[in-house]
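Reader: I would like to learn how to read a structure like this one, feature by feature. Please start with the charged side chains and work outward to the fold.

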Amino acid sequence: MSTNRRKSVRRAIGYRAKIIASDGSWERDCRVLDVSQTGAKLAVEPAELPRNFTLALSMLGNATRRCRVVWTANREVGVRFEKHTPT
């Protein structure tokens, strides 16, 4: 029997989103497989991703989260949402 060690409950959703380079120089489509307040599991085509990027949770780009990759497996990536620090 497996134990869920996550701090936040994840909800399976499966909707489209975009991965955007931190400097905005490129973007890639992905699918959010599940999400919580602290992170998400993404389905992406096999390719190198930077350790940090922005995830646009809406196709309009008005709901974004800064992310850090915490694991990768085949075509899935686990990310942790980074806390926003005001400048």
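Author: One point before the charges: this is a predicted model. A search through the whole structure turns up four salt bridges.

Reader: Which side chain meets lysine 18 in a salt bridge at 3.5 Å, N to O?

Author: To call a salt bridge, look for a side-chain nitrogen of Lys or Arg within 4 Å of a carboxyl oxygen of Asp or Glu. Here the side chain of glutamate 27 meets that of lysine 18, with 3.5 Å from N to O. Lysine 18 also forms a salt bridge with aspartate 29, where the closest N and O atoms are 2.5 Å apart. That second pair links distant parts of the chain, since lysine 18 sits in strand S1 and aspartate 29 in strand S2, eleven residues apart.

Reader: Is lysine 18 buried or exposed?

Author: The test is relative accessible area: buried means under 20% and exposed means over 50%, with partly exposed in between. Lysine 18 has 18% relative accessibility, and therefore counts as buried. Its partner aspartate 29, at 47%, is partly exposed.

Reader: What about arginine 68: with which residue does it form a salt bridge?

Author: Arginine 68 forms one with glutamate 82, and their closest N and O atoms are 3.7 Å apart. Arginine 68 belongs to strand S5 while glutamate 82 is in the segment after S6, so this pair ties together parts that are 14 residues apart in sequence. Glutamate 82 has 28% relative accessibility and counts as partly exposed. As for networks, salt bridges with shared partners join Lys18, Glu27 and Asp29 into one.

Reader: Now the fold. How many helices and strands are there in the protein?

Author: The protein has zero helices and six strands. Along the sequence the pattern reads β-β-β-β-β-β.

Reader: In what order do the six strands of the closed barrel run?

Author: The general idea comes before the order. Strands of a sheet pair through backbone hydrogen bonds, and the pairing is either parallel or antiparallel. In this model the six strands make a closed barrel in the order S1-S2-S3-S6-S5-S4, with antiparallel pairing. On average, neighbouring strands of the sheet are turned by 45° against each other, direction ignored.

Reader: How many bridges join strand S3 to strand S6?

Author: Five bridges join S3, residues 39–43, to S6, residues 76–81, and the two strands run antiparallel. To follow the register, read off the partners: glycine 39 has arginine 80 as its bridge partner in S6, and lysine 41 stands opposite glycine 78. On the S5 side, S6 is joined by six bridges, again in an antiparallel run. There, tryptophan 71 has glycine 78 as its bridge partner in S6. Glycine 78 is thus a useful landmark, with lysine 41 opposite and tryptophan 71 as another bridge partner.

Reader: How many residues lie between the strands in the hairpin of S5 and S6?

Author: Two residues lie between those strands, and asparagine 74 in this hairpin takes a positive phi near 55°. S2 and S3 also form a hairpin, with three residues between them. These two strands pair in the antiparallel sense over four bridges, and aspartate 34 has lysine 41 as its bridge partner in S3.

Reader: Which residues touch the most other members of the largest nonpolar core?

Author: Of its 17 residues, Ile19, Leu42, Phe53, Leu55 and Val79 touch the most other members. Each of S1 (11–20), S2 (27–35), S3, S4 (52–56), S5 (64–73) and S6 supplies at least two residues of this core. Take leucine 55 as a worked case: leaving aside neighbours within four places in sequence, its contacts include Ile19, Cys30, Leu42, Cys67 and Phe81.

Reader: And for the protein as a whole, what percentage of the 87 residues is buried?

Author: Buried residues make up 32% of them. Among contacts between residues at least 6 apart in sequence, 41% join residues at least 24 apart. The protein exposes about 6,400 Å², and carbon and sulfur atoms supply 47% of that area.

Definitions and conventions
Residues are numbered from 1 along each chain as its sequence is written. This is a predicted model: local features need pLDDT of at least 70, side-chain atom pairs count only at pLDDT 80 or more; totals for chains, interfaces and linings use all residues. Side-chain values use heavy atoms; hydrogens and water are left out. Two strands pair if DSSP finds at least two bridges between them. Axes are lines fitted to C-alpha atoms, for helices over the stretch in contact, and angles run from 0 to 180 degrees between N-to-C directions. A nonpolar core is a set of buried Ala, Val, Leu, Ile, Met, Phe, Trp, Tyr and Cys residues joined through side-chain atoms within 4.5 Å. Buried means under 20% relative accessible area, exposed over 50%, partly exposed in between (1.4 Å probe, protein chains only). Contact means heavy atoms within 4.5 Å. Accessible areas come from the Shrake-Rupley method with a 1.4 Å probe; for residues, only the protein chains shown count as cover.
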